[in-house]
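Trainee: Could you take me through the largest pocket, and tell me what lines it?

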Amino acid sequence: MKILVAVKRVIDYAVKIRVKPDKTGVETNNVKMSMNPFCEIALEEALRIREAGKASEVVVVSMGGPQCVETLRTGLAMGADSAIHVSTDMPLYPLAVAKLLRALATKEQPQILLLGKQAIDDDANQTGQMVAGLLQWPQATFASKVVLGDQRNVTVEREVDGGLETLRLQLPAVITTDLRLNEPRYATLPNIMKAKKKPISKITPEELKVEIQPDFKILEVVEPPKRKGGVMVGSVDELVDKLQNEAHVI
Ligand code: AMP
């Protein structure tokens, strides 16, 4: 059984984001980039399923410019068997990524398509749901536990507002991962060396017969408003007065 894992290259979570002076986006030049943390969790889960003998192959895929290859190398160093780079310079939004993933899933025939629940750069939380819709595969989003049954089903626990929901899905299926699913491994030095020999194939959206259209336009990106300093109040009466007459919240 093959598992396909979508991994996105994003600005590292620890970097302080700077907006470009022309407000068209955020600065990515000379900024540390990493694999999206939810995608690391997705890959870790795929590797654990393979290590438990329930899958034979883990393939990572990343879409975007040439630097995606670095992210794929990280995925290979963590333990993926092979990688696919969908190469394009077009800006990619969730619907385009979902269409590309549908084309790849049709070509590669995985039984599980694993994604992060969201990418920490756009926070869209849309791609997994869209690709499941396009493929007409069952989906379990925000997975906090994944248990493979026989080769045809998977049981997924997911965190919902009221507690935990358990779903059983027929394979092939789409699963998106939440934070508490697992703790991803670090790539060891020997595995980083081994990863250099693992194959990365390259394919274009044209070869996948997917036309990428920018379906929306970013009008402006701005910093959040600066937080105003707080004030110390001398008494409860003063606090109530300010809440009533200044903040108008009670
Ligand atoms: P989003 O819907 O943008 O929040 O992204 C959700 C998930 O879709 C990510 O965690 C990835 O698994 C996948 N994804 C989104 N964009 C890409 C990309 N350019 N390359 C590979 N995977 C992606």
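**The largest pocket**

Mentor: Sure. A total of 50 residues line the largest pocket, and those nearest its centre are Lys8, Arg9, Leu92, Asp121 and Asp122. Here a pocket is an open set of points on a 1 Å grid over the protein atoms alone, where a 1.4 Å probe fits, with protein on both sides within 12 Å along at least five of seven lines; lining residues have an atom within 4 Å of a point. Keep in mind that this is a predicted model, where local features need pLDDT of at least 70, side-chain atom pairs count only at pLDDT 80 or more, and totals for chains, interfaces and linings use all residues. Numbering runs from 1 along each chain as its sequence is written, and side-chain values use heavy atoms, with hydrogens and water left out.

Now for the elements. Two or more lining residues come from each of strand 2 (9-11), strand 4 (57-64), helix 3 (94-108), strand 6 (112-116) and helix 4 (127-135). Strand 4 gives the most, with 4 residues. Helices (H or I, at least four residues) and strands (E, at least two) are DSSP runs, numbered from the N terminus.

As for chemistry, the lining splits into 27 nonpolar, 15 polar and 8 charged residues. Ala, Val, Leu, Ile, Met, Phe, Trp, Tyr, Cys and Pro count as nonpolar, Asp, Glu, Lys and Arg as charged, and the others, Gly among them, as polar.

And the space itself? The largest pocket holds about 1,600 Å³, the volume being the space filled by probe spheres set on the points, which are joined across faces, edges and corners.
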